[in-house]
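Work through the following exercises with the structure in view. Each task is followed by a solution in steps.

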Amino acid sequence: MKHFKKVSLMLAVLCMWVGCVMTVQAANGPNTGEYSAAYINIYNRGGTNTNHFVYVTGSQKAETVKGAVYDKKTNTLTLTNYKHPTMSIEANEMGDDFKIKLVGDNQIKSLIVWGYGYGGSVEILGDGTLTINKNKEKNCGITMQPEGTKAVLKVSGKAVVDVYAGTDKMPFYVNSISEKYKNCVDADTDKTLKTEAAYTDRYITYPVVWLSDEPSVFEVYMKDGDANSKYAIDMYDTSYYIYKLIYCKSLNLYYAHEIEHGYSAFNPFNMGYYKTLEEISAYTYRGKSSGEQEYIEDKTGKKCIFELDIKNGVISYVKCDLISIGSITDSNGEAADWYIGQPSSDNVVLTKEEWYNLDKDGSGYTASYVREPIKGYVNIYVSGTSYHLTAKKTTGCKHKEQVQSVKKKATFSADGKLVTKCKSCGETLSTKKINKISNVKLSKSIYTYDKKAKKPTVTVKDTKGKKLKKGKDYTVTYAKGRKAIGNYKVTIHLKGKKYNGQESLTFRIAPAGTSIKSAKAGKAKVTVNWKQQTRNTNGYIIQYSANKSFRNVKQITISSNKAKSKQITKLSTKKQYYVRLCTYKNVKKNGKTTKICSDWSNAVAVKTK
């Protein structure tokens with residue numbers, strides 16, 4: 001069975017059919033031919049790896065799934081209030097008349113339709129709704145894989161389909177379809193189709209050897225007409241081996257690369273080889289591959305490969321650096337650039353499962369490939385975070401007069417909903433999201449006390465960065481006073497037709513700060529001297545850390561504003577520390593005392609003795 005993979009990497013596998021000749025059929029009903037692989041699978045390939053085949057050819061029996069029933073006679077899968085956001089629906093070779101009928105409200109993770117030279121279209125009908133990828137767990141909500149056929153997504157009746165995109169912001173994607181079939185959506189939508197050239201991905205591989213554990217001593221041969229190369233020859237009664245001796249400068253060793261092997265007696269002199277008096281200690285190989293997949297380590301950008309290693313029946317994969325040993329020509333005159341696979345200095349060893357998941361998000365490695373265009377084919381996609389589809393309208397109304405109404409106001413935690421209808425016929429023309437508020441900022445969050453009232457301005461933006469208008473979309477109220485040292489609340493009230501809710505931010509009026517005059521190092525101690533700040537303060541707070549960003553910080557509170565120095569003890573010897581301090585004033589409110597701190601002084605670095 002086919003497995004859906006993320007859009008950014010699946011091209012290599014999915015476009016392999018382009019080099020083959022496929023018979024494109026105008027297919028109705030699922031493929032029942034001799035080599036049919038038609039099926040409808042409702043699955044979750046998460047930790048449980050659940051598969052439910054509601055239709056399948058061959059000896060496997062179809063299953064009964066509550067809320068998802070397939071009728072072969074009409075080639076229709078009926079979803080009735082099927083709300084399973086972790087389950088995906090995958091159809092393969094189900095023909096150009098495959099239908100999904102909606103009854104009630106339905107929700108799934110993704111929809112994938114494969115054609116494979118037979119038929120890969122789908123019509124979504126009925127009077128219900130279908131929400132796809134609402135949790136944005138998949139990169140793409142609907143994926144069509146024509147594989148040599150047309151692939152049409154049609155919506156009819158009163159069906160309503162809402163598709164969401166994941167991180168790639170591509171809710172709908174058709175992979176590698178013939179240009180003559182590029183009009184592949186038959187529905188009214190809120191987005192236009194975009195086209196890009198289709199490509200096939202050829203993964204980059206290298207011929208690689210892994211050196212033997214110990215070197216062997218070889219007698220050196222030279223060859224007529226090749227004064228720059230050295231060879232070694234092992235001869236037996238009925239067989240022989242010819243090696244080219246290659247010096248690898250970066251590893252400071254010789255490698256004996258086998259270039260010819262025969263099953264007969266061998267006379268080197270008759271073949272133009274002659275022995276010298278030189279002997280060379282060289283490594284042979286314990287493992288050899290004509291095509292090892294190259295990976296790029298995301299963190300460093302370095303190339304690497306992974307060597308299969310089996311010890312005591314346990315399979316693992318050892319990360320290796322690629323060491324070039326140049327171009328080598330074999331006895332057939334074929335040349336290739338060979339590499340030595342040298343275990344990396346970071347000693348990375350992957351389990352079988354970790355190796356299987358290489359190149360997936362979060363693995364730390366990306367497979368290298370070369371992207372090549374496919375003539376006459378394109379990829380079709382929709383760009384954005386969502387895709388809304390309904391049936392094409394047959395009404396004669398031109399919808400010249402339109403009215404908008406807010407069905408749900410946006411808040412700080414949830415999106416709202418804006419519906420546009422035709423004033424003449426009452427038809428719903430679009431349902432759009434009112435983006436929730438995600439960014440509320442004060443122009444300043446800390447002021448230095450100067451006896452004057454403070455009033456920071458407020459900026460309010462939605463998730464798309466749109467700035468709301470004060471007075472129209474929101475109002476602001478400030479706490480009373482805002483002159484004395486202390487913390488003060490600013491409350492933002494959303495208002496108007498589209499927004500509702502409130503949120504509070506806090507700013508503070510702080511005492512004047514101070515600065516460090518010196519930080520003198522002693523043995524496992526530091527003495528800090530600072531400029532005294534006695535006005536409107538009660539004391540000082542010193543922070544110190546071995547980390548420049550003050551992670552794992554420690555602090556000392558000094559409860560006298562007349563203090564000018566403090567010795568920090570019990571430090572590590574010969575270690576650099578970073579020190580900063582601030583002033584504070586005790587403020588009593590509602591019977592509770594709070595320390596209101598100034599900004600931190602500039603940090604000073606000092607190394608203990």
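**Exercise 1.** Find what share of the contacts between residues at least 6 apart in sequence join residues at least 24 apart.

Solution. In this predicted model, take the contacts in the chain between residues at least 6 apart in sequence. Of these, 64% join residues at least 24 apart.

**Exercise 2.** Decide whether the chain is a compact globule or more spread out than one.

Solution. Begin with the secondary structure: the chain has 49 strands and 2 helices. Next, compare radii: the globule rule gives 25 Å for 609 residues, and the radius of gyration is 36 Å, well over that value, so the chain is more spread out than a compact globule. Finally, read the extents: the C-alpha trace spans about 105 × 85 × 40 Å along its principal axes.

**Exercise 3.** Determine whether Phe218 is buried or exposed, and list its contacts.

Solution. Locate the residue first: Phe218 belongs to strand 19, which covers residues 216–223. Buried means under 20% relative accessible area. Phe218 has 6% relative accessibility, and therefore counts as buried. Then set aside neighbours within four places in sequence; the contacts of Phe218 include Ala232, Tyr243, Ala256 and Ile280. Asp234, Glu278 and Glu279 are also among them. For the chain, 43% of the 609 residues count as buried.

**Exercise 4.** Describe the span that UniProt lists as "domain: Fibronectin type-III".

Solution. The UniProt record, an unreviewed entry, places this domain at residues 510–609. This span is 54% strand and 0% helix. Its end C-alpha atoms lie 36 Å apart.

How values were computed
Residues numbered from 1 in each chain as written. Predicted model: local features only at pLDDT ≥ 70, side-chain atom pairs only at ≥ 80, totals over all residues. Heavy atoms only, no water. Helix = DSSP H or I, 4+ residues; strand = E, 2+ residues; numbered from the N terminus. Rg over C-alpha atoms; globule rule 2.2 N^0.38 Å. Buried < 20%, exposed > 50% of the residue type's maximum accessible area, 1.4 Å probe, protein only. Contact = heavy atoms within 4.5 Å. UniProt positions renumbered as here; feature names shortened; annotations may be inferred.
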